[in-house]
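Visitor: Hi, I've just opened this one and I don't know my way around yet. Could you walk me through it?
Guide: Sure, let's bring it up.
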Amino acid sequence: MQKNFVILLVLAVLLLFVFSLVIGAAEGKASQKIVFNTHNSESWDPLRDSTVGTVTSHIFEGLTIWENGNVVLGAAEKIDMSPDGLVYTITLKDNLKWSDGKALTAEDFKYGIIRILEPAMAGKYAIDSFYLKNAKAFNEGKADADGVGVKVIDDKTLELILESPCGFFKSVLTYKNYYPLRKEIVEKNPNWWMKTDTMIGNGAFIMKEFDPGYKMVLVPNPNYRDAENVKLDILEIRFIADSQVELMAYKANEVQVGILPPSDTIEDLKASGDLYIYPKLQVYWLVMNNQASPVNDVRVRKALALSIDRDAIVNNVLRGGQIPAYGMCPPIIKDVSLDKSFRDVYPEHFEMDIPKAKELLAEAGYPDGKGFPQTTYLLSIGGDHAVIAQAIQSMWKQNLGIEVDLKALESAVFIKERRAVTYPIARYIWATNIPDPSVWLNLYVSNGRNNDSKYVNPEYDKIINSAINEPDVAKRFALLHQAEKMLIDDMGVIPLFYPMNKILIKKNIKDLDFTPAGGVLFKRAYVE
Amino acid sequence: MGFLTLIVLTTIAFFLVKAIPGGPFDSEVALPESVMQNLEKKYGTDKPLHEQYFLYINKVIHGNLGESFKYENQTVNQLIVRGFPVTARLGLSAIILALFFGISLGVISSLKHRGIVDMISLSFSMIGICLPSFVIAILLMYFFGLKLGWLPFMGIDTLKHYILPAIALALYPIAYISRLTRASMLEVLGQDYIITARSKGIHGFKIVFIHALKNALLPVVTYIGPLTAYLLTGSFVIEKMFSIPGIGKMFVTGIGNRDYSVVLGMTIFFGALIVVLGIIVDIAYVFIDPRVKFSK
């Protein structure tokens with residue numbers, strides 16, 4: 001019997017030994033290599049990229065690009081705007097090439113721009129191209145491709161004609177909607193982006209290896225217009241979705257830059273110097289059913305808004321460097337003159353004021369919260385939504401004496417319910433690539449598709465409409481300030497805070513650049 | 001018979017999945033009307049439900065599982081071809097570990113009945129059965145991956161990469177199989193024919209392996225069906241945690257994405273797999289238990 005036990009044991013050990021013997025090919029440690037973990041996209045075709053565009057922005061380059069927090073010229077040499085703000089004449093830089101050496105021309109840019117608008121393509125992000133004349137009509141099948149405001153003047157010159165003036169159009173040009181594409185490659189195979197020999201771009205890197213959903217290896221593109229400034233030898237991109245696993249990989253130095261630091265480790269990461277926090281173009285706020293009791297009463301809405309301690313939420317609950325919000329525009333967005341931010345010009349539309357909140361609630365007929373009807377706050381499962389909701393729920397109870405129920409639903413169901421405005425209060429969060437206040441303010445026009453607050457104010461609609469059609473930058477910003485003030489004076493929504501981008505970065509990674517939407521740029525990065 | 005099962009499965013799954021609130025094109029900020037219309041036209045979701053069903057069933061019968069709603073321009077067939085070999089390799093490693101260690105532990109426990117080994121094995125089984133696989137996964141990753149640095153815990157670049165995820169997946173079946181084997185062996189070892197064999201002078205090795213184990217393994221063989229189903233579904237969590245690009249991860253994210261084609265396609269695929277496995281188990285029975293014969 002002993003003999004058999006021993007035999008079994010030996011066999012077991014042998015098995016384990018055999019397993020461990022098989023050592024994978026040791027990757028030659030390239031000196032300039034960074035492993036970056038980021039969100040996955042089911043498709044890396046720029047038309048279908050569902051992320052902020054970090055990955056595709058390394059393989060392709062737009063007419064303009066983000067650099068050091070500003071929008072600068074990328075593939076474009078110069079951009080001239082007509083006095084009425086409707087025509088942009090773009091001259092490309094000299095000798096632009098694709099990664100396979102072929103010449104890059106204005107026609108390639110036109111192809112990319114038109115393609116996302118083709119109805120058959122069913123491009124989800126087509127809306128970011130609707131600034132162009134007839135783009136929307138073409139996408140709806142009501143106009144021809146030839147009618148769209150994109151004209152090739154010659155190989156180096158492109159003309160873009162807009163529907164109406166757009167003060168931030170240069171930042172829109174950084175979008176993947178406006179990347180050039182190789183017509184003959186793209187039309188030959190719908191999955192061209194999956195293969196290294198057909199994923200041809202004009203960006204700083206080319207795709208050397210690709211394992212969908214798992215790993216992408218990028219190496220410098222020798223034909224990139226600024227190739228001499230690209231310092232990395234290898235940029236390896238991973239798609240780990242779990243924040244705890246990413247953190248473990250970061251600690252094991254398998255990943256050097258990560259984007260999912262778990263909320264409960266923020267303090268430790270800040271202390272160890274691994275966390276980099278920078279401003280994000282995002283607002284977190286609450287919508288309320290402005291047409292149904294009890295929140296149809298502006299006094300109730302204001303009471304709810306004034307009784308929330310945003311500093312406590314940001315400093316004690318979230319602790320991620322977020323900024324309390326008393327308006328609907330993140331502080332990083334610039335105003336008319338670039339040396340001032342929108343928030344500098346008009347900082348706070350209100351502040352926490354619990355006595356005033358109590359007073360307003362009493363005026364509305366609910367002194368000390370008595371008689372306040374059953375109210376539900378809707379949120380989605382996951383992330384920090386629950387802790388934020390719980391904090392607010394307890395603040396309302398403590399400061400106003402009202403009981404609000406929390407209802408957490410799965411994301412897709414949550415979106416459906418919020419859109420149907422089934423509940424009086426719901427959370428809302430929206431980030432963008434466009435550094436302009438209209439992103440959030442335009443949501444609340446009376447018949448807006450995304451007006452989940454059912455905020456109806458014809459005056460507000462007029463101001464927003466004027467702003468959309470105003471070519472003069474100063475006048476436009478004045479209108480936007482007016483609109484924001486009106487929205488907040490009516491407390492059509494309750495702003496809560498401005499989230500921040502949080503990134504894990506190893507201390508020896510230098511010259512990393514970022515986009516305000518949360519994109520990470522490795523063009524000039526290197527390992528010290 | 002199996003084919004009919006699959007048709008029924010597909011039908012029920014189809015209507016269930018379509019009944020879930022929320023759709024594949026919903027997003028925080030709604031897409032413009034024209035974009036929504038283009039999407040619905042492309043995927044045929046603008047047609048009436050029964051029409052969608054018949055179109056889908058027709059496609060499935062011809063072996064076409066449709067195009068993914070989220071992985072645009074990629075068919076579910078392509079996704080399965082890409083992801084299943086990975087999941088299968090992981091599952092197979094786990095099955096080998098589970099059978100080898102499960103049966104060994106079970107046999108040893110039954111032989112050293114109520115001894116130290118038996119007690120240790122019992123405690124170990126309790127842990128394996130009670131701890132969820134993702135807890136085991138994190139513990140393994142943390143200790144063997146991060147703290148000790150012995151084994152990798154991200155992806156599947158080399159064979160070494162399969163070790164931790166396979167162990168995480170196999171712990172529950174090892175525990176379960178060891179208990180099953182132990183109980184079955186104890187029962188068999190007490191049978192008359194074993195006593196006869198011993199009295200005839202056959203001892204030790206021969207008794208255990210040739211006479212007893214073969215019969216004791218019947219319950220284990222029966223378990224292989226549900227075991228494989230568990231490994232396929234348990235792999236979802238493990239794949240996500242270890243960043244393994246298999247189909248398990250795709251299936252789970254497909255539900256959140258309301259990716260109807262992926263969810264239905266995977267359901268049919270797994271259903272077919274289980275039907276095939278059932279047939280294999282039935283055949284295995286014939287060879288293990290001479291009392292079972294093919295029916296005319």
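Guide: We'll go through a sheet, a hairpin, a helix and one arginine, keeping in mind that this is a predicted model.

Visitor: Let's start with the sheet. In what order do the 4 strands of the open sheet come?
Guide: The order is β4-β5-β7-β6 in chain A, with antiparallel pairing.

Visitor: Which strands stand at the edges?
Guide: Those are β4 (76-81) and β6 (150-154) of chain A. Each has a single partner strand, so one side of each has no neighbour in the sheet. From one strand to the next, the twist averages 20°.

Visitor: And how many bridges are there between β5 and β7 of chain A?
Guide: There are 5 bridges between β5 (residues 87-92) and β7 (residues 157-161) of chain A, which pair in the antiparallel sense. If you want a spot to zoom in on, find Thr89(A), which stands opposite Glu159(A) in β7(A).

Visitor: Which strands does helix α3 of chain A lie across?
Guide: Helix α3 (residues 106-115) lies across β5, β6 and β7 of chain A. Its direction is at about 175° to β6(A).

Visitor: OK, new topic: the hairpin. Which strands form it?
Guide: β2(A) and β3(A) do, with 2 residues between them. Strand β2 covers residues 64-67 and strand β3 residues 70-73 of chain A, and 4 bridges join these antiparallel strands. One of the pairs is Glu67(A) with Asn70(A).

Visitor: What about phi at Asn68(A) in the turn, positive or negative?
Guide: Positive, about 50°.

Visitor: Now a helix. Which residues of α9 in chain A are buried?
Guide: In α9 (residues 298-306), the buried ones are Val300(A), Arg301(A), Ala303(A), Leu304(A), Ala305(A) and Leu306(A). Among the elements covering them are β13 (282-288), α12 (354-363) and β18 (493-498) of chain A.

Visitor: What caps the N-terminal end of α9(A)?
Guide: Asp297(A) does, with a side-chain oxygen 2.9 Å from the backbone nitrogen of Arg299(A).

Visitor: Last stop, the arginine. Where does Arg310(A) lie?
Guide: Arg310(A) is in helix α10 (residues 310-318) of chain A.

Visitor: Is Arg310(A) buried or exposed?
Guide: Buried, yet without a salt bridge. The nearest side chain of opposite charge is Asp309(A), 7.6 Å away.

Visitor: What lies 2.9 Å from a polar atom of the Arg310(A) side chain, then?
Guide: The backbone oxygen of Pro495(A). Leaving out residues up to four places away in sequence, Arg310(A) touches several others, including Tyr326(A), Phe350(A) and Leu496(A).

How values were computed: Residues numbered from 1 in each chain as written. Chains lettered and ligands numbered in written order. Predicted model: local features only at pLDDT ≥ 70, side-chain atom pairs only at ≥ 80, totals over all residues. Heavy atoms only, no water. Pairing = 2+ DSSP bridges. Axes fitted to C-alpha atoms, helices over the stretch in contact; angles between N-to-C directions. Contact = heavy atoms within 4.5 Å. Buried < 20%, exposed > 50% of the residue type's maximum accessible area, 1.4 Å probe, protein only. Lys, Arg positive; Asp, Glu negative; His and termini not counted. Salt bridge = Lys/Arg side-chain N within 4 Å of Asp/Glu carboxyl O. Polar contact = N/O pair within 3.5 Å; in protein donor to acceptor, adjacent residues only side chain to side chain.
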